[in-house]
Amino acid sequence: MSFFEEIGFNNHPFAQTNADEEPHLAEYFVPPPFFDGVVGDYENPSSCMVLAPRGAGKSAQRRMIEEWASDNHVLAITYDRFEFGKGQSVGDITLQYHMRNIITRVLIGYLSFLRDSPTLIENLSKQKRDTISTFAYSYIGDLKGDELREILKELKSLPQRFKDFWKENVGVLDSVLQMLMKNFGLSPIDLPNAKQEDKKLTETYKHQLEVLYDIASEAGISSIYVLIDKVDETEKTGGDPEATYSLIRPLARDLELLSLRGYGFKFFLWDRIEPHFREDARPDRVSQYELNWSRPNLEEVLSQRLQFFSNGEVEYFDQIVKTDTKYSIDSMFALLANGSPRNLVRLCEKIFSAQAEIDRNSAIVSWPAVERGVITYCKQITRELYGEDVVKDLQRAERELFTINYLSNYVFKTAHKNTSRNRVTSWKKSGVLRQVGTVSVETSKRPLNFYYVSDPAMIRLINRSDPLIEFFDDRWIMCDHCMKDNLVDISIIPDGNEPLCLHCNRSLF
């Protein structure tokens, strides 16, 4: 019997961290406060932008919209695959590139719905049947079965019976167009005329989308949602915020497209593109949402997952850990996850793995497994986010609050403050460090900039020699004013300086 079964779970609750790989996500999905706004009104669809850090649940939201769409007569088209030709860069990607990909997917999505009612085409006017034929020739005329299968993987909201229909009727090397002509009785295509029409189509992409919507609405489709995701996950964008925004910029800045009748364009974007996106952003026309999970929200995420995988028997992680703590273990984990549902799952997986190594036949999670799993998680996540050198340097600092003078005198031991200043600049850029005001010290006539390590995982790693419970006892303070968590040892604040909340800058006492 597996360790997770010994504890009382029917399956490993932390085996998957990718929303697209979680078949039962809807059963334990916790919507952020603005989720209804993102979904919007399908009878009067609108576009919006969701900006969030990696691992904050952008793809999970997209998945839930896909689920919702299938129950509300909405055709949801997921656009999350971006391919580049030889020598092509993100700067070469045009609006036409995106539009052609989107129209192809909308067309295949619509044609999929005809599987249940093939007579719908017969009831269309001849002009509309001819239009579908032209679209089919222009967008999927060269498409083979293997290429169609790749597109179907993106159209995640399509019922499985629709996908099975394509697979059963189009072989890997078969022509998709020939199957359509045979099964749906599309109008014959006059190739010279079709080529002329194809040339015209390249100049009227937005009009084509409107035409497709009009045709789709006759099949009972109330609106079409285009869900744009994973822009930062291509080989050309990777960890580059500027390249990521450059790839999607032609779509994101086109207000006419984003206001198109019958369509709702929903962007799920990496929040680090914001500085590059700012000059094009029009929140007065296209709603923007920032996804930030509070600690209580993450505790709810953890609780829902635990309940689902234990058939309701386990509601809190506290129930499967045998130890006495001043704080809720679930709260500790949510704080260390730093606003990320994915990080929370990864942390719990490390703890489960540690317990399996210690004693896989145990019916509880031991405290040594918690201690070991937390450190393993902190090492892994900080190295991924900030790099090995930054992690090593900050561990040498041995504290989460410091000045540049402190780094120069006690950590790097150099008379050249520029060495420490350059490191601080680099750390701030990476997001692991931020300035939290100034402090007065006896050795300086002027107040010095005061810096705070803002990632709880990095703080834990810096203070890894402290037992976990003692670590939280010494640092965890909730602000009475803004009700946010402060993870900081106030004893290292220089004498004569009042401890202030790291979020609202008001007194902690």
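**A walk through the predicted fold**

Let's begin with a small piece of this predicted model: three strands make an open, antiparallel sheet in the order 6-8-7. Its edge strands are strand 6 (401-402) and strand 7, each of which pairs on one side only. Strand 7 and strand 8 (residues 448-453) run antiparallel to each other and are joined over five bridges. If you would like a spot to click on, try Arg-434, which stands opposite Tyr-452 in strand 8.

Now step back to take in the whole chain. The protein chain has 509 residues, and 51% of them count as buried. Its secondary structure comes to 24 helices and ten strands. Taken along the principal axes, the C-alpha atoms fill a box of roughly 85 × 55 × 40 Å.

There is another open sheet to look for, and this one is parallel, with five strands in the order 2-3-4-1-5. Strand 2 (74-79) and strand 5 (287-290) are the edge strands here, each pairing on one side only. On average, neighbouring strands of this sheet are turned by 15° against each other, direction ignored. Within the sheet, strand 3 (residues 223-228) and strand 4 (residues 263-270) pair in the parallel sense over five bridges. Val-226 makes a handy landmark: its bridge partner in strand 4 is Phe-265.

Among the helices, helix 7 is a good one to trace from end to end. Helix 7 covers residues 126-140, which is 15 residues. From its first C-alpha to its last it reaches 20 Å, close to the 21 Å expected at 1.5 Å a residue. Which residues of helix 7 are buried? They are Ile-132, Ser-133, Phe-135, Ala-136, Ser-138, Tyr-139 and Ile-140.

For a contrast, turn to a loop. Val-172 sits between helix 9 (160-169) and helix 10 (176-184). Its relative accessible area is 44%, so Val-172 counts as partly exposed, the class between 20% and 50%. To get a feel for distances across the model, compare Val-172 with Tyr-327: the two are 155 residues apart in sequence, and their C-alpha atoms are 57 Å apart in space.

Next, consider the empty space. Rolling a probe the size of a water molecule over the atoms shows where such space is left. The largest pocket has a volume of about 1700 Å³. It is lined by 49 residues, and those nearest its centre are Pro-53, Asn-338, Gly-339, Ser-340 and Ser-454. Several elements give two or more residues to this lining, among them strand 1 (48-52), helix 16 (295-309), helix 18 (341-359) and strand 7 (433-439). You have met strand 7 already, as an edge strand of the antiparallel sheet. Helix 19 supplies the largest share of the pocket lining, five residues. By class, the pocket lining has 22 nonpolar, twelve polar and 15 charged residues.

How many cavities of 30 Å³ or more does the model hold? The count comes to one, and the largest cavity has a volume of about 40 Å³. Its lining is made up of Met-49, Ala-252, Leu-255, Phe-277, Asp-280, Ala-281, Arg-282, Val-286 and Gln-288. Sorted by class, these are six nonpolar, one polar and two charged residues.

Note on methods
Residues numbered from 1 in each chain as written. Predicted model: local features only at pLDDT ≥ 70, side-chain atom pairs only at ≥ 80, totals over all residues. Heavy atoms only, no water. 1 Å grid on protein atoms, 1.4 Å probe; cavity = no way out; pocket = protein on both sides within 12 Å on 5 of 7 lines; lining within 4 Å. Points joined across faces, edges and corners; volume = space filled by probe spheres on them. Nonpolar A, V, L, I, M, F, W, Y, C, P; charged D, E, K, R; others polar. Helix = DSSP H or I, 4+ residues; strand = E, 2+ residues; numbered from the N terminus. Expected span 1.5 Å × (residues − 1). Buried < 20%, exposed > 50% of the residue type's maximum accessible area, 1.4 Å probe, protein only. Pairing = 2+ DSSP bridges. Axes fitted to C-alpha atoms, helices over the stretch in contact; angles between N-to-C directions.
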